[in-house]
Amino acid sequence: MLCDRIWRNARLATLSPDRPGLGIIEDGLIACQDGTIQFAGSTADAPAGLEGVSDTDIGGRWITPGLIDCHTHLVYGGDRAHEFEIRLAGATYEEVARAGGGIVSTMKATRAASEDQLIATALPRLDALIGEGVTTVEIKSGYGLSLRDEAKQLSAARRLEQQRPVSVVTTFLGAHALPPEFAGEPERYIDEICDTMIPALATLELADAVDGFCEGIGFTPAQIRRVFEAATTYGLPVKLHAEQLSNLHGAALAAEFNALSADHLEYADADGIAAMAEAGTVAVLLPGAFYFTRETKLPPLDLLRAARVPIALATDSNPGSAPLTSPLLAMNMAATLFRMTVDECIAGFTREAARALGRTDIGTLEHGKACDLAIWEIERPAELVYRMGFNPLHARVWRGQ
């Protein structure tokens, strides 16, 4: 059996759901053909006569699936460092937003930027993720808040795949904030999202999913329901920013529409979590935003575990509440702040993150999956979660290359 590439003498964290914990295999081997894993397992179990055009002994290093950042806002104009200073002086995130800052201030900078400028400013952030082993990244819009500018953001996100060896998943987040031209008329803006934006973006095939911000400073459950109904009409899966600042029962609403994920969830209750479990909706926890906004309400991790809701992690990379481009630091924050285990943190950026994107082709090291790998210079997987400000990535493989 001849393959393009073989990596030998590896310790594998396969994340296979058929194996306990991280699915560890000592003295492992991975074989790849045309960007797809043909074998991932023990050397002793490898097919007889297995050969590779490129055959590499990696010296006992660890291989995990390539990391997946399943919730980011990577494409935007400007920054919000000045708001950070204001918040350090005592203003809350909500107070800044209500005073005309927050998402609307980023909207102004994003509308003023060209698509090429958005790409240029996003690339360093994307490079930081790639540099820590990320092979798939979700990128939301939500800073244009008009059809033209939301399409510009999503197109820029799509074009990042042409600039770097990475897979990009796009999400339309038009229901992120109320733009100034619709001040005092949220229902009219929801009409615009449902009747104009979603149909146009679906036709242009710029969005892989639809998201919303269900919150007191965002949109009501009734308004989000309308957005989800429109998304469903056009065959687009949904996800939701839910229960970050209060409990508006967004988790249950997301589950009602079989959402891929409900994200943040600090204020989620048992009923919402039970609904998520029934619907198969993934919980995406975002410790960077929790840390940066100095939140004190912990997400209900014990309830999520008890209900067996899959738990993913992400950086939430954005200019206002999580200017974070390090999945490794996000893992450490999840362990330190949320008390997640090492296994949960690593699964959260691989297997469970893939589930949160509705992707069955990535996230584990198994036959038939995309050959997206992160090769680490570590002695044990706990090092990926334990260290802060240290990057032990030895090599990154995307689609076998």
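# A guided tour, helix by helix and strand by strand

**Stop 1: two helices side by side.** Select helix 6 and helix 7 (residues 221-233): the two pack with their axes 9 Å apart, at an angle of about 10°. An angle under 35 degrees counts as roughly parallel, so helix 6 and helix 7 are roughly parallel to each other. Keep in mind as you look around that this is a predicted model.

Now show the side chains where the helices touch. From helix 6, pick Pro186, Glu187, Ile190, Asp191, Ile193, Cys194 and Ile198; from helix 7, pick Gln223, Arg226, Val227, Ala230 and Ala231. How many residues of each class make up this contact? There are eight nonpolar, one polar and three charged residues where helix 6 meets helix 7.

**Stop 2: the open sheet.** Switch to a cartoon view and look for eight strands that form an open sheet. Follow them in the order 6-7-8-9-10-11-12-13, and note that the pairing is parallel. Which strands lie at the edges? Select strand 6 (67-69) and strand 13 (311-313), each of which pairs on one side only. As you step from one strand to the next, the twist averages 25°. Strands of a sheet pair through backbone hydrogen bonds, either parallel or antiparallel.

Zoom in on strand 9 and strand 10 (residues 239-242), which pair in the parallel sense over two bridges. Select Phe213 here, and you will find His241 of strand 10 opposite Phe213.

Zoom out again to see what packs on the sheet. Helix 5 touches strand 7 (134-140) and strand 8 (167-175), and the direction of helix 5 makes about 170° with that of strand 8. Helix 7, which you met at the first stop, also packs on the sheet. Helix 7 touches strand 8, strand 9 and strand 10, and its direction makes about 175° with that of strand 9.

**Stop 3: salt bridges around helix 5.** Side chains of opposite charge can pair when their charged atoms come close. A search of the whole structure finds 27 salt bridges, and you can visit a few of them now.

Begin with Lys152 and Asp149, which form a salt bridge with their closest N and O atoms 3.1 Å apart. Both residues lie in helix 5 (residues 147-163), three residues apart, which is about one turn of the helix. Are Lys152 and Asp149 buried or exposed? Both are buried.

Next, select Arg158 and Asp208, whose salt bridge has its closest N and O atoms 3.0 Å apart. This pair links distant parts of the chain: Arg158 belongs to helix 5, while Asp208, 50 residues away, sits in the loop between helix 6 (186-204) and strand 9 (209-214). Arg158 has a relative accessible area of 22% and is partly exposed. Asp208 also counts as partly exposed, at 31% relative accessibility.

Now select Arg111, Arg148, Asp149, Lys152 and Glu181 together: salt bridges that share partners join these residues into one network.

**Stop 4: a link between strand 1 and strand 4.** Select Arg8 and Asp55, whose side chains meet in a salt bridge (2.8 Å, N to O). Here too the pair links distant parts of the chain, with Arg8 in strand 1 (residues 2-13) and Asp55 in strand 4 (residues 51-57), 47 residues apart. The relative accessible area is 27% for Arg8, which is partly exposed. Asp55 is partly exposed as well, with 38%.

**Stop 5: strand 5 and its partners.** Stay with strand 1 and add strand 5 (residues 62-65): two bridges join these strands, which run parallel. Select Arg11 to find its bridge partner in strand 5, Trp62. Then bring in strand 14 (residues 373-376), which runs antiparallel to strand 5 and is joined to it by four bridges. Which residue of strand 14 stands opposite Trp62? Trp376 does.

**Last stop: Asp361.** Look in the loop between helix 14 (351-356) and strand 14 to find Asp361. Asp361 is partly exposed, with a relative accessible area of 28%. Set aside its neighbours within four places in sequence, and you will see Asp361 in contact with Lys369, Ala370 and Arg399. Finally, try your viewer's distance tool from Asp361 to Cys371: C-alpha to C-alpha they are 9.4 Å apart in space, and 10 residues apart in sequence.

Methods:
Residues are numbered from 1 along each chain as its sequence is written. This is a predicted model: local features need pLDDT of at least 70, side-chain atom pairs count only at pLDDT 80 or more; totals for chains, interfaces and linings use all residues. Side-chain values use heavy atoms; hydrogens and water are left out. A salt bridge is a side-chain nitrogen of Lys or Arg within 4 Å of a carboxyl oxygen of Asp or Glu. Buried means under 20% relative accessible area, exposed over 50%, partly exposed in between (1.4 Å probe, protein chains only). Axes are lines fitted to C-alpha atoms, for helices over the stretch in contact, and angles run from 0 to 180 degrees between N-to-C directions. Angles under 35 degrees count as roughly parallel, over 145 as roughly antiparallel, 65 to 115 as roughly perpendicular and the rest as oblique. Contact means heavy atoms within 4.5 Å. Ala, Val, Leu, Ile, Met, Phe, Trp, Tyr, Cys and Pro count as nonpolar, Asp, Glu, Lys and Arg as charged, and the others, Gly among them, as polar. Two strands pair if DSSP finds at least two bridges between them.
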